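Student: I should like to learn how to read surface and fold features in a structural model. Could we work through one together?

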Amino acid sequence: MDKLWAGRFSKELNAAADDFNSSVGFDCRMYEQDIKGSMAHAAMLGACGIITKDESDRLIEGLEGILGDIKDGTLDIDMNAEDIHMFIESVLTSRLGDVGKKLHTGRSRNDQVAVDLRMWLRSEAGEIKEKLLALISAVNEKAKQYPDAVMPGYTHLQRAQPVTFAHYLSAYSMMFMRDVTRLQDAVKRMNVSPLGSAALAGTTYPINRQMTASLLGFDSFSLNSLDGVSDRDYCIELLSCFATVMMHLSRFSEEIILWQSWEFKFIELDDSFTTGSSIMPQKKNPDMAELVRGKTGRVYGDLMAMLTVLKGIPLAYNKDMQEDKEAVFDAVDTVKKCLTVFAPMIETMKALPENMLKAAKSGFINATDLADYLVGKGLPFRTAYKIVGQTVGYCVKTGKTLEELSLDEYHEFAPEFGDDLYGAIDIKNCVEKRISDGGTGKKAVEAEMNAVDEFLKQYK
């Protein structure tokens with residue numbers, strides 16, 4: 001295929017250099033955005049009298065034909081083309097002759113590529129948002145199934161205080177809800193059309209940039225042509241959003257991997273989301289969660305690659321910026337795959353409340369409540385804290401729990417202890433007494449789950 005830019009050159013591009021320069025192998029996935037962007041540009045050229053209305057109509061009809069032919073498999077994308085933009089323009093010119101050559105009037109590949117990528121990312125970000133919403137719903141519904149299941153809460157991976165499984169799951173709902181709004185914010189800032197910036201300085205033709213922006217669903221157009229063709233901030237911002245989503249998924253995966261293990265056994269993953277061992281017949285491995293945890297590094301790498309590409313290039317367009325697409329494409333594909341498998345994995349996951357409660361009853365996770373009990377008897381918190389610490393030390397030495405100590409033993413540490421202390425340190429009572437908003441008490445957790453439902457209603 002002849003290069004559309006070949007007029008200046010007396011020699012053909014070296015074969016290895018041609019292959020190195022080519023991007024059609026990956027930017028071909030933007031063919032629909034490229035064609036729709038060209039259709040809007042052609043409509044604007046006709047409306048502004050830059051080309052005739054008949055020429056505009058023929059260009060649009062020709063582009064619609066190419067789009068249909070690619071979709072139904074009649075037209076294969078030529079992988080020897082330089083990029084998807086050149087391929088489509090070449091096919092259009094071969095079908096329409098000189099009329100096809102008028103399509104590129106008043107624009108450059110620089111603003112063409114930029115508008116294609118924004119449109120593609122806008123669509124993909126919308127799909128990722130929907131998958132996030134499905135995951136939030138799955139997590140919240142799972143929380144509703146176990147409102148009374150008491151488990152240990154942890155700090156430093158040490159048993160700390162009792163919480164409910166519903167409260168624990170709701171923490172991830174909150175994270176994913178922020179991911180949704182963060183993604184929306186990034187898309188809003190991205191939804192600005194660079195089309196009409198041309199190569200870097202605008203164009204001499206009397207184009208209507210607001211018209212193409214509106215036709216393509218953008219809120220506005222870029223106010224500086226240099227910025228319009230060289231801006232990839234939106235790639236960095238979206239990649240950062242995707243990396244944050246993956247970080248949350250990875251943290252959740254780590255919890256699931258621990259909970260599924262025999263050492264914890266708080267949950268049971270469905271067989272359809274686990275695998276076995278080639279040699280150990282007893283194994284049930286949480287491979288999906290492990291893969292999500294592993295793939296998080298890929299998305300982090302994509303973000304770092306994009307930051308590194310942009311850190312040293314001057315205005316305006318540089319060929320380095322071709323490296324934006326593979327990083328963005330990989331991140332989008334990875335996040336979508338992880339979210340696709342994660343939601344049904346949560347939906348089919350079963351909690352084992354008996355094991356959770358058994359773990360909660362050891363590890364002295366009611367020690368804070370015992371200190372609060374003494375505060376209720378008039379002692380300063382720091383004094384109560386020290387007394388309970390000494391009491392726990394005694395329990396460790398004697399192999400007892402706080403519930404197993406006699407009142408006489410308690411009196412060795414403080415005379416304020418009374419018979420009512422046993423109710424104060426009952427694990428389930430400890431949970432119910434957490435009455436502060438956002439805490440693990442039943443009403444507070446119900447409020448959390450209701451807030452998630454209200455959030456999801458916005459998107460129905």
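**Reading a patch, a hairpin and an overall shape**

Tutor: V375, F381 and Y385 make up a nonpolar surface patch with about 280 Å² of accessible area together. Accessible areas come from the Shrake-Rupley method with a 1.4 Å probe, and for residues only the protein chains shown count as cover. Patches consist of residues with over 30% relative accessible area and no salt bridge (a side-chain nitrogen of Lys or Arg within 4 Å of a carboxyl oxygen of Asp or Glu); like charges are joined within 9 Å, and nonpolar side chains (Val, Leu, Ile, Met, Phe, Trp, Tyr) within 5 Å. The model is predicted: local features need pLDDT of at least 70, side-chain atom pairs count only at pLDDT 80 or more, and totals for chains, interfaces and linings use all residues. Residues are numbered from 1 along each chain as its sequence is written, and side-chain values use heavy atoms, without hydrogens and water.

Student: Is V375 buried or exposed?

Tutor: Buried means under 20% relative accessible area, exposed over 50%, and partly exposed in between (1.4 Å probe, protein chains only). V375 is partly exposed, at 34%.

Student: Which strand joins β1, and how do the two run?

Tutor: Strands are DSSP runs (E, at least two residues), numbered from the N terminus, and two of them pair if DSSP finds at least two bridges between them. Six bridges connect β1 (residues 150-155) to the antiparallel strand β2 (residues 158-164). M151 lies opposite V163 in β2. Five of the six residues of β1 are buried.

Technical notes. Helices (H or I, at least four residues) and strands (E, at least two) are DSSP runs, numbered from the N terminus.
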